[in-house]
Amino acid sequence: MTYQSKTRQFACDPAAVNGASPAIRAILEKALSGGEVSAQEGVALFRADGADIDAVYRTADTLRRRANGDRVSFVVNRNINFTNICYMGCKFCGFAKRVEDKSAEWLEPEQIVERAQQAWDRGATEVCIQGGLHPKMEGTYYREIIRAIKTALPGMHIHAFSPFEIWYGASKTKMSYREFLTDLKEAGLDSMPGTAAEILDTEVRMQLTTNKLSAERWVEIIRTAHEVGIPTTATIMYGHVDAPEHWAAHIALLRDIQKDTGGFTELVPLSFVHTDSPLYAQNPDKVRPGPTAREVDLMHAVSRIMLHGWIDNIQVSWTKLGAARAQQMLSRGVNDLGGTLMNESISRAAGADHGQEITARELVRMIRAAGRVPMRRNTVYEVREVFEHHDPEELAPLVDRKGRDPLAFLEMFPERPAAIEAAQ
Ligand SMILES: C[S@@+](CC[C@H](N)C(=O)[O-])C[C@H]1O[C@@H](n2cnc3c(N)ncnc32)[C@H](O)[C@@H]1O
Ligand SMILES: Nc1c(NC[C@H](O)[C@H](O)[C@H](O)CO)[nH]c(=O)[nH]c1=O
Ligand SMILES: N[C@@H](Cc1ccc(O)cc1)C(=O)O
Ligand code: SF4
């Protein structure tokens, strides 16, 4: 079955393309009238300059408004990295530690459940769980984590395990990807992060990592997840040894998968954090220190344009960019600010300094300050509450589980609870 696009529309908006050069104008007009921007045309958009850049941004903003209106969404969630012990040696990663390292961490199922329970008590609807590929870990541990959480918190959405972790679990249990994914779904896995994608290009991957899942396997596992009914996010990690050709091909590949499966919920561009990354430290002449500001703007805008009608949620990662830049991306085609996260570690381990958590209240304020309407969603983009009123006193009491107003509930914690603060 082919997934049908819901938001393809066929009206060009001349104001968006005013002032652009003929070549760029033609591409943008095609996008605005419902046509598909090819990978080659995507490269031209990534290379846009001068007045062309503004036309790219205006087009992305117009398409964003058509797809999402004025709403900007976010999800109340907690990030749980159950181990940072990993020997895969991805060169860009500052998160992985060896068993003997002082900061090495391993969480038992009870500790994971305890963190999930604290998150639930603060109004979280999702736990986002990923970890290192611990050499001694049993492949059955992934299932164990899911069962432990679902037993204690049947209503918590479990967004967990990258395709690389699925590859690892399937190899260790000697199951096929389909069997392993079906088993996890049966245990309660609700959706998966589309991380481990990095850049889906063999030559780039060879420079980033020697042991990581190939691009072909990433695609195979993602397609299988979608086929067995597990939706996933999609990511691209950019700004290191890559170029516009890789970005446009990567986005076009995601679009092709989506046409077949409809299983992607969103795209999250992840800017490479170079500060404490071995990749940059070992080769500062060849590796870029993350994307430039212009590249960050264009990545969000061109993703919106190329994916329009196929993946209509473009998320900005505040952990990579910080709140102020994340807010600016709302005029570059972005309609989602991701999760509150509570404990962010992967970006911090690579040297990012944007904090561990943004509260729901802060996100609401950020979105309002950008003139948009905040919307709390669940992981699969179902609306949970819309904050239409600009006066916080007027906020309709938007009721979540057990009749509780989750924002009122969050207010009970003006400070982060000590247990959350202490958790790494
Ligand atoms: C740290 S891994 C955890 C899951 C699992 N170990 C894996 O590799 O799939 C999750 C993702 O974090 C991102 N990441 C790691 N280091 C990064 C860095 N220095 N800058 C930006 N993103 C990074 C990568 O996209 C990676 O796939
Ligand atoms: N956990 C991290 C995320 N997660 C993305 C969202 O919070 C969420 O899980 C998704 O929106 C589900 O729909 N993003 C980061 O950049 N860093 C994280 O650690
Ligand atoms: N944004 C990803 C998860 C993620 C986790 C850690 C990162 O460093 C980056 C991304 C997802 O939900 O699909
Ligand atoms: S990106 Fe994932 S697999 Fe690679 S070293 Fe880091 S934690 Fe391990």
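Helices α6 and α8 run roughly parallel to each other, because their angle falls under the 35 degrees used for that label (over 145 counts as roughly antiparallel, 65 to 115 as roughly perpendicular and the rest as oblique). The model shown here is predicted, so to speak of local features takes a pLDDT of at least 70 and side-chain atom pairs count only at pLDDT 80 or more, while totals for chains, interfaces and linings use all residues. Residues are numbered from 1 along each chain as its sequence is written, chains are lettered from A and ligands numbered from 1 in the order written, and side-chain values use heavy atoms, without hydrogens and water.

**The helix pair**

- Helix α6 covers residues 141-152 and helix α8 covers residues 177-187; helices are DSSP runs of H or I with at least four residues, strands are runs of E with at least two, and both are numbered from the N terminus.
- The two helices pack at about 15°, and their axes are 9 Å apart; axes are lines fitted to C-alpha atoms over the stretch in contact, with angles from 0 to 180 degrees between N-to-C directions.
- α6 passes α8 in a right-handed crossing, meaning that the near helix is turned clockwise from the far one by less than a right angle.

**Around ligand 2**

- The shell holds 15 residues, of which Asn 79, Glu 126, Gln 315, Ser 317 and Arg 377 come nearest; a residue belongs if one of its heavy atoms lies within 4 Å.
- Strands β2 (77-81), β3 (126-130) and β6 (264-271) each give the shell at least two residues.
- Oxygen atoms of ligand 2 pair with a side-chain N or O atom of Gln 315 at 2.8 Å, a backbone N or O atom of Gly 339 at 3.1 Å and a side-chain N or O atom of Glu 344 at 3.3 Å; the cut-off for a polar contact is 3.5 Å between N or O atoms.
- Protein covers 91% of the 450 Å² of accessible area that ligand 2 has on its own, by the Shrake-Rupley method with a 1.4 Å probe.
- By class, this shell has 3 nonpolar, 8 polar and 4 charged residues; Asp, Glu, Lys and Arg count as charged, and Gly is among the polar ones.

**Around ligand 3**

- The surrounding residues include Gln 130, Pro 193, Val 268 and Ile 346.
- Polar side-chain atoms lie 2.2 Å (Thr 233), 2.9 Å (His 159) and 3.0 Å (Lys 320) from an oxygen atom of ligand 3.
- Of the 340 Å² of accessible area that ligand 3 has on its own, the protein covers 86%.
- The shell around ligand 3 divides into 4 nonpolar, 5 polar and 1 charged residues.

Conventions. Polar contact = N/O pair within 3.5 Å; in protein donor to acceptor, adjacent residues only side chain to side chain.
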